[in-house]
Amino acid sequence: MTSRKNLITRSRLAIFGFTTALILFIWLAGLTSGVVQIATVLLVILGIATGLMLPSLLTTWLAMLFLVISVMVLLLGTFVMDVTAKIFLIVAFPGAIFLTSSLRAVVGSFGWLTENQHNIAAFTKNYHPGLNLQRSYNARKIFEKAVTRFNGEPGLADMSLDVTGIQWAHSEQYQQFNPEQYNDVLAQAANVLKERRLPSEFLYILDDDMLLILSFRLPRETYDYLTAVTKIDLASIRVGDFRPQFQWGHKYITPENMQDYQTLDDAIKHIRRDMETDLVTEYMKKGTLDD
């Protein structure tokens, strides 16, 4: 960010300096005579066009060649003209080339900035920099690669995949009024997953901020234990006096039911239904207790 601000500032100063120098130079040339001013303007325009269109090495040689020829003709020759006017004509073309090349170098620095912005955009599309979790694109790739291998090779026996979704209930309303605290809750939830889940599990955050866990071939006892301790740690998250509630959904995918879950979106649909069912059940229990 600092480099970007510095680059923009440098570019603005360069453009301002370039424009000021040209205006001042042409104005001073006009103090000698109108003919010299017109000739200076034409040479400046030619120098700007040369500096913009030709490579820097070629423009350097052209500027040096023009400087040598103009000095020989105007200063060393018998050309009748005021010395000051001659100097303006000699300097106009190479000076315009030099200023244009300098400005081109500064403004051209935006090229790496644009490239970096493209790389950053691609990175943030696939990776959440604040939570250090991969995003939906990578989750879909891993999921689809996994299910295609379930029946692909005879040697891959007893393949299974647990897909677990964790969604912060009513988070949209909270985010609108407390964006900083919202990010804090997500960061704490992501840290719980990183600390509690196994290294062999894949952790993601989807585009709607659902936390996703892909677990391959975990024994049922291990999966149930990990789910229990993760729920306990998520329930302990606090932001001031606020305690977020998390909904859970789970699908267990095996070669027997894999035809129903060819894409991650298929699994997510069923996971959301589980979350909605759990939410209705929770409200019913709460209503019963209130009665």
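**Surface and pocket features of the predicted model**

Val68 has 48% relative accessibility, so Val68 counts as partly exposed (20% to 50% of relative accessible area; buried is under 20% and exposed over 50%, with a 1.4 Å probe and protein chains only). Val68 sits in helix 3, which spans residues 56-75 (helices are DSSP runs of H or I with at least four residues, strands are E runs of at least two, both numbered from the N terminus). Along with Leu65, Ile69, Met72 and Val73, Val68 makes a nonpolar surface patch of about 460 Å² (nonpolar side chains joined within 5 Å, each residue with over 30% relative accessible area and no salt bridge, that is, no Lys or Arg side-chain nitrogen within 4 Å of an Asp or Glu carboxyl oxygen).

This is a predicted model, where local features need pLDDT of at least 70, side-chain atom pairs need 80 or more, and totals for chains, interfaces and linings use all residues. Residues are numbered from 1 along each chain, and side-chain values use heavy atoms, leaving out hydrogens and water.

Zooming out, the protein has 10 helices and six strands, and 35% of its 291 residues are buried. About 17,700 Å² is exposed, with 62% supplied by carbon and sulfur atoms (Shrake-Rupley method, 1.4 Å probe).

Then there is the second largest pocket, at about 200 Å³ (an open set of points on a 1 Å grid over the protein atoms alone, with protein on both sides within 12 Å along at least five of seven lines; lining residues have an atom within 4 Å of a point; the volume is the space filled by probe spheres set on points joined across faces, edges and corners). Of its 12 lining residues, Gln167, Glu172, Gln247, Arg272 and Met275 are closest to the centre. Strand 3 (161-168), helix 7 (171-177) and helix 10 (264-290) each give two or more residues to the lining, and helix 10 supplies the largest share, four residues.

Methods. Patches are made of residues with over 30% relative accessible area and no salt bridge: like charges are joined within 9 Å, nonpolar side chains (Val, Leu, Ile, Met, Phe, Trp, Tyr) within 5 Å. On a 1 Å grid over the protein atoms alone, a cavity is a set of points where a 1.4 Å probe fits but cannot get out, and a pocket is an open set with protein on both sides within 12 Å along at least five of seven lines; lining residues have an atom within 4 Å of a point.
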